[in-house]
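Me: I would like to learn how to read a few features of a protein model. Please start with charged side chains and go on from there.

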Amino acid sequence: HLIALQAVVAAGSFNAAAARLGYTQSAVSAQIRTLERLVGMRLLDRSRGVKGVRLTKEGTILLQYASDIVQRFEAASDHLLGGRDEAVAEIRLGTFPSASQAILPGALRRFAAARPEVEVVLIERFDEELLLDLLEHGELDLAFTVLPTRRGPFATTVLCHEEHVALVPRGDALATRGSVGLEELATRPLVADASRHAARHLQAVRARGIDTVRELEDSTAVAAFVAAGLGV
């Protein structure tokens, strides 16, 4: 964060600092915002009419210490890594339950075969927004999520397209269909779990004016409700 502050001041703009550091402009902006939250003060003046980048009084004070702090961190890093025969490579990966089940096992097996020297540290959360928070604050190197993501210093790559299944009671006419459209589901009472996947479908259904929806935390309970004929 301090290196980002130094680069912005030296380059005179966020765009120029991003080019110098090899980041995106939004990533540099996010690092400055995080630094301001950490110190609890505004460091750069973003007022209208201010040309270029101007330090606040507090920013000027912090910048005086930044070079010394950065040098001390770099010296500590050299000292720590210099004491090892080989630095241990590590990737911190954020995942959520369905990604852990569907994507992660095969990916980890292939990755371990290709890069056995790299340790993968897994951090699993039910809420993907928490993973994005950790990613934004530098506590994760990468994370699985469901698109679209919120705005932030993120770059995304599509790994797979998931098909979702409509669960219906045994003997229901929809059970013989190869696919079912949302407009057809919108005519039935609906039961949904608390996942973000389900929330996307519910949003589309409610946009059609349908409010007959039961939301349950447990997908097993959803199946029980459907089996009892209480919805699709």
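Reply: This is a predicted model. A pair to begin with is Arg42 and Glu36, which form a salt bridge with the closest N and O atoms 4.0 Å apart.

Me: Is Glu36 buried or exposed?

Reply: Glu36 counts as buried, because its relative accessibility is 10% and the cut-off for buried is under 20%. Its partner Arg42 is partly exposed, at 46%.

Me: How many salt bridges are there in the whole structure?

Reply: A search finds nine. One of them joins the side chains of Arg92 and Asp141, at 3.0 Å from N to O. Arg92 belongs to strand E3 and Asp141 to the loop between H7 and E5, so this pair ties together parts that are 49 residues apart in sequence. Arg92 is partly exposed at 26%, and Asp141 is partly exposed at 40%. Salt bridges also link Glu129, Asp133, Glu136 and Arg150 in a network.

Me: Which strands make up the sheet that contains E3?

Reply: The sheet is open, has three strands in the order E4-E3-E5, and pairs them in parallel. Strands E4 (118–124) and E5 (142–143) are at the edges with a single partner strand each, so one side of each has no neighbour in the sheet. The parallel pairing of E3 (residues 89–95) with E5 runs over two bridges, and Leu142 in E5 is the bridge partner of Leu93. Helix H6 (residues 104–114) lies across E3 and E4, at about 165° to E4.

Me: How should I read the buried residues of a helix?

Reply: An α-helix has 3.6 residues a turn, so residues three or four places apart point the same way. In helix H7 (residues 128–136), the buried residues are Glu128, Leu131, Leu132 and Leu134. Seen down the axis of H7, they fall within an arc of 160°, so they line one face of the helix. Just after H7, Gly138 has a positive phi of about 80°.

Me: What about nonpolar cores?

Reply: In soluble globular proteins, nonpolar side chains tend to be buried together. Here the largest nonpolar core has 16 residues, and Val8 and Ile32 have the most contacts inside it. Helices H1 (2–11), H2 (14–21), H3 (25–39) and H4 (57–82) each give two or more residues to this core, with the largest share, five residues, coming from H1. Apart from it lies another core of eleven residues, including Leu185, Leu190, Ala198 and Val205.

Me: Which residues is Ile32 in contact with, leaving aside its neighbours within four places in sequence?

Reply: Ile32 is in contact with Ala4, Leu5, Val8, Phe14, Leu44 and Arg46.

Technical notes:
Residues numbered from 1 in each chain as written. Predicted model: local features only at pLDDT ≥ 70, side-chain atom pairs only at ≥ 80, totals over all residues. Heavy atoms only, no water. Buried < 20%, exposed > 50% of the residue type's maximum accessible area, 1.4 Å probe, protein only. Helix = DSSP H or I, 4+ residues; strand = E, 2+ residues; numbered from the N terminus. Arc of directions from axis to C-beta. Core = buried A, V, L, I, M, F, W, Y, C linked by side-chain atoms within 4.5 Å. Contact = heavy atoms within 4.5 Å. Pairing = 2+ DSSP bridges. Axes fitted to C-alpha atoms, helices over the stretch in contact; angles between N-to-C directions.
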